[in-house]
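Work through the following exercises with the sequence and the model side by side, trying each task before reading its solution.

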Amino acid sequence: EISLGLVGSEMCIRDRQLGVTHVLEGSVRKFNNRIRVTAQLISSIDGFHFFSETYDRVLEDVFLVQDEIAQKITNRFKIYLEKDNARTNIVQASTDNIEAYDTYLRGLYYLNKWGDEELNKAIPLFLKAIEMQSDFALPYAKLSFSYIIRAFQRRISWQEAKEKTEVFIQRTIELDADSPEAYLSIFVYQFFIKWDWQAATQVIKKGLKLYPNYASLYHALSALYYLNGNKAAALRSHRQGYKLNPLSIEMIFYMGVGHFWNKEYEEANNYFEKILRIKPNYRTALEYKGWYAIKEKRFDEAMSYFNKMTPQFGYHMHSLTSIGWLYIIKGDIEKAESCLKELEDLQIASDDKYGLSFDLAALHANLGNFDEAFMFLEQAIENKIADSMMVRIISLFDPLRIDPRFSKIEELVGLADLD
């Protein structure tokens, strides 16, 4: 017997985290080929139950069952909906293979945990779903997305990520590019692999027009604003996504990022604290917490966060880069140069020739080695490493902005036309 709680009503009603007046709470229980779905509509203001229903069905066609129950639930509270929002088909069937769909959902569960170990579990499940049904589009879209995350985690090179994602994105487009998951994955491919700002802009604009309630698309849009150096617009976009899905690890984290790059450090810290309550070892939240501690001149605290960052390689920077920056701020140049030497040795020993060029550029910039900083930064940009396109907003590169060569870097990156 498998039981899945969809929403914890007590948490939502007590804290009103969703910012809504009503909460639809329910659960799904599965036994062999039968399912039981319970659903209840509750006021988030006073806890009043408007209705509670139970649906028992044979699971012969998962999408027909989903559509039937979703329509019944919608009919029960359609008085609260605009008439124009009524839809004949609420669920779009992307496969008729229940086992493949169930395997995909399991992979999605792990992917949405946003963790290194969880991604190790998600990828094999997406691959297995494709083995079960080779024309099932959604796993291809999520595999493309997953391998780009893998590159950010430094588990594969950006060249390997490019090779893998090209295959999966092409298959996604061939099968079904008209889903929010597809639009998101195609955007991530165009943005982080191809660096094609025009194509990325077109994809995200169309995706948001068709699926304005898909929260991750707003996070994607914010990347284009960051690219252009428009941090305020990026934060507004993050807010739109967060409003749609305020319990998502992804949305909570990037609200923190948005506030951080807008130099609203206390607000940013609140979101990172929230992430660490949910996921205590979330690597990038620890990194940003360390950076926040540096801003507050709490250097021992910053070091404790950086030392907790495991693995050392990962998004956003290598832990040695953050530690080296901390030493520079403290004035301990000898230890900072030792971190730089370790990074250089790692780069030499790595099969990924340019994988650490972005990190090396950051440390050289803060050590005042501008020639080396610009050399490594150009390497990172020319080889499309990590999020080196974000140099306009990343404060680690602030020392370089007074140098005339920084305008050349901006020209190399380019701008997205968001008008």
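**Exercise 1. Two tryptophans in loops**

Determine whether Trp-114 is buried or exposed, and then compare its backbone and setting with those of Trp-195.

Solution. Trp-114 is buried, because its relative accessible area is 18%, where buried means under 20% relative accessible area, exposed over 50% and partly exposed in between, computed with a 1.4 Å probe and protein chains only. This residue is found in the loop between α3 (98-111) and α4 (116-132), and it has a positive phi of about 55 degrees although it is not a glycine. The helices named here and below are DSSP runs of H or I with at least four residues, strands are runs of E with at least two, and both are numbered from the N terminus. Turning to Trp-195, we find it in the loop between α7 and α8, with a phi near 55 degrees, again a positive value in a residue other than glycine. Trp-195 is also buried, with a relative accessible area of 10%.

The model is a predicted one, in which local features need pLDDT of at least 70 and side-chain atom pairs count only at pLDDT 80 or more, whereas totals for chains, interfaces and linings use all residues. Residues are numbered from 1 along each chain as its sequence is written, and side-chain values use heavy atoms, with hydrogens and water left out.

**Exercise 2. The packing of α7 and α8**

Work out how helices α7 and α8 are oriented to each other, and which residues make their contact.

Solution. Begin with the geometry: α7 (residues 180-194) and α8 (residues 197-210) pack at an angle of about 165 degrees, with their axes 8 Å apart. Axes are lines fitted to C-alpha atoms, for helices over the stretch in contact, and angles run from 0 to 180 degrees between N-to-C directions. The two helices are therefore roughly antiparallel, since angles over 145 degrees count as such, those under 35 as roughly parallel, 65 to 115 as roughly perpendicular and the rest as oblique. Next, list the contact, meaning heavy atoms within 4.5 Å: α7 contributes Tyr-183, Ile-186, Phe-187, Gln-190 and Phe-191, while α8 contributes Trp-197, Ala-199, Ala-200, Val-203, Ile-204, Lys-206, Gly-207 and Leu-210.

**Exercise 3. The packing of α12 and α13**

Find the angle at which α12 and α13 cross, and identify the residues that meet.

Solution. The axes of α12 (residues 265-278) and α13 (residues 283-295) come within 10 Å and cross at roughly 145 degrees. From α12, the residues Tyr-265, Glu-266, Asn-269, Phe-272, Glu-273, Ile-275 and Leu-276 meet Ala-285, Leu-286, Tyr-288, Lys-289, Tyr-292 and Lys-295 of α13.

**Exercise 4. A histidine and a cis peptide**

Establish which residues His-219 touches, and where the cis peptide bond lies.

Solution. His-219 belongs to helix α9 (residues 215-228) and is buried, with a relative accessible area of 17%. Not counting residues up to four places away in sequence, it touches His-238, Glu-250, Met-251 and Tyr-254. The cis peptide bond joins Thr-310 and Pro-311, with omega about -5 degrees, and Pro-311 sits in the loop between α14 (299-308) and α15 (319-330).

**Exercise 5. The whole protein**

How many helices and strands are there, and what share of the residues is buried?

Solution. The secondary structure comes to 19 helices and four strands, and buried residues make up 52% of the 419 residues. Among contacts between residues at least 6 apart in sequence, 57% join residues at least 24 apart.
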